[in-house]
Amino acid sequence: VISGQVLGLAIFYIISRYLSKDIFGELSWSLAMTAFLVAVISLGADLIIVRRIARGEDAKETASLHFIHVVYTSIVLCILLWLGYIFLPSIYAVHFLFPGIMISQVLSYIASPFKQIANGTRAFRNLAIISTISGIIKLLLLVAGLSLHILSNRNLALLFIIGSMAELVTGIFLTAKKAGIQLFPIYWNKAKYLL
């Protein structure tokens, strides 16, 4: 948690110091809005998942139900994003970083079941790796982009997407390979999902 906060603080400091106030403001708005939207669609299920896994319930079954929820709500959110882009293009002209930051947040959201498995099974080393890989990659790409003078608006959104994709891939790898939890086929039970 501390290393994740330190990485976030370093990213925040660099962005606030080296990007224009307009870009920094747009990025802050986009991050706040996407974090809010992801929190709303998660419905607090992540907390339930950790408790159920920690109580000794079947990690694969519980994580599968959470993963289905995450993927389903992510698809719905992306469809709404796309419809907004079609029907309200003026919003995206003003909030030009929003689509890229939304994709980044959705990828991190899809990685959340893997964090919950690590947390619930007390695989704290895996949890630390999954939780910090995104920040490390974002920070490295941010410093490289600034050093090479290639940090455009598009590249800024892209580095957030790359960091979140790394988090997802790392989560899948550590859960499947290191924790030995078979991800597929995904377990589905409508009654348990609704419960």
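**Close-up views of a predicted model**

**View 1. Ser3 in helix 1.** Ser3 is a residue of helix 1, shown here, as in every view below, in a predicted model. With a relative accessibility of 40%, Ser3 counts as partly exposed, because that value falls between the 20% limit for buried residues and the 50% limit for exposed ones. Ser74 follows Ser3 by 71 residues along the chain, and the C-alpha atoms of the two serines are separated by 27 Å. Ser3 is also one of the helix 1 residues that meet helix 7, a contact taken up in the next view.

**View 2. Helix 1 against helix 7.** Helix 1, which spans residues 2–18, packs on helix 7 at an angle of about 25°, and the axes of the two helices lie 9 Å apart. Since angles under 35 degrees count as roughly parallel, helix 1 is classed as roughly parallel to helix 7. The crossing of helix 1 past helix 7 is left-handed. On the side of helix 1 the contact is formed by Ser3, Gly4, Leu7, Ala10, Ile11, Ile14, Ile15 and Tyr18, which meet Thr132, Gly135, Ile136, Lys138, Leu139, Leu142, Val143 and Leu146 on the side of helix 7. Sorted by class, the residues of this contact comprise 11 nonpolar, 4 polar and 1 charged.

**View 3. Ile11 within the contact of helix 1 with helix 7.** Ile11 belongs to helix 1 and has a relative accessible area of 10%, so that it counts as buried. When neighbours within four places in sequence are set aside, the residues in contact with Ile11 are Gly135, Lys138, Leu139 and Leu142. Although Ile11 and Lys138 are 127 residues apart along the chain, their C-alpha atoms are separated by 7.6 Å.

**View 4. Helix 6 against helix 7.** Helix 6 (residues 98–120) and helix 7 (residues 124–147) pack at an angle of about 160°, with 8 Å between their axes. Because angles over 145 degrees count as roughly antiparallel, helix 6 and helix 7 are described as roughly antiparallel to each other. Helix 6 makes a left-handed crossing with helix 7. Ser104, Phe114, Lys115, Ala118 and Asn119 are the residues of helix 6 in this contact, and they meet Phe124, Asn126, Leu127, Ile130, Ser131 and Lys138 of helix 7. The class count for this contact is 5 nonpolar, 4 polar and 2 charged residues. Lys138 of helix 7 thus appears here as well as in the contact with helix 1.

**View 5. Ser112 in helix 6.** Ser112, a residue of helix 6, has a relative accessible area of 11% and is therefore buried. Apart from residues up to four places away in sequence, Ser112 touches His66 and Val70.

**View 6. Helix 2 against helix 6.** Helix 2 packs on helix 6 at an angle of about 40°, and their axes are 9 Å apart, so the two helices are oblique to each other. Helix 2 passes helix 6 in a crossing that is right-handed. Helix 2 contributes Glu26, Leu27, Trp29, Ser30, Leu31, Met33, Thr34, Ala35, Leu37, Val38, Ile41 and Ser42 to the contact, whereas helix 6 contributes Phe98, Ile101, Met102, Gln105 and Tyr109. These residues divide by class into 12 nonpolar, 4 polar and 1 charged.

**View 7. Ser30 in helix 2.** Ser30 lies in helix 2, which covers residues 21–42, and at 0% relative accessibility it counts as buried. Among residues beyond four places away in sequence, Ser30 touches Leu97, Phe98 and Ile101.

**View 8. Leu47 and His149, two exposed residues.** Leu47 is found in helix 3, residues 45–54, and counts as exposed because its relative accessibility is 57%. Gln105 is 58 residues away from Leu47 in sequence, with a C-alpha to C-alpha distance of 18 Å. His149 is placed in the loop between helix 7 and helix 8 (153–178), and with 74% relative accessibility this histidine is likewise exposed. His149 has a positive phi of about 60° even though it is not a glycine.

**View 9. Confidence across the model.** The mean pLDDT of the protein is 85, and 93% of the residues score at least 70. Of the elements, helix 7 has the highest mean pLDDT, at 92, and helix 3 the lowest, at 74. Leu47 of the preceding view is a residue of helix 3.

Methods
Residues numbered from 1 in each chain as written. Predicted model: local features only at pLDDT ≥ 70, side-chain atom pairs only at ≥ 80, totals over all residues. Heavy atoms only, no water. Axes fitted to C-alpha atoms, helices over the stretch in contact; angles between N-to-C directions. Helix = DSSP H or I, 4+ residues; strand = E, 2+ residues; numbered from the N terminus. Parallel < 35°, antiparallel > 145°, perpendicular 65-115°, else oblique. Left-handed = near helix turned anticlockwise from the far one by under 90°. Contact = heavy atoms within 4.5 Å. Nonpolar A, V, L, I, M, F, W, Y, C, P; charged D, E, K, R; others polar. Buried < 20%, exposed > 50% of the residue type's maximum accessible area, 1.4 Å probe, protein only. pLDDT = per-residue confidence, 0-100.
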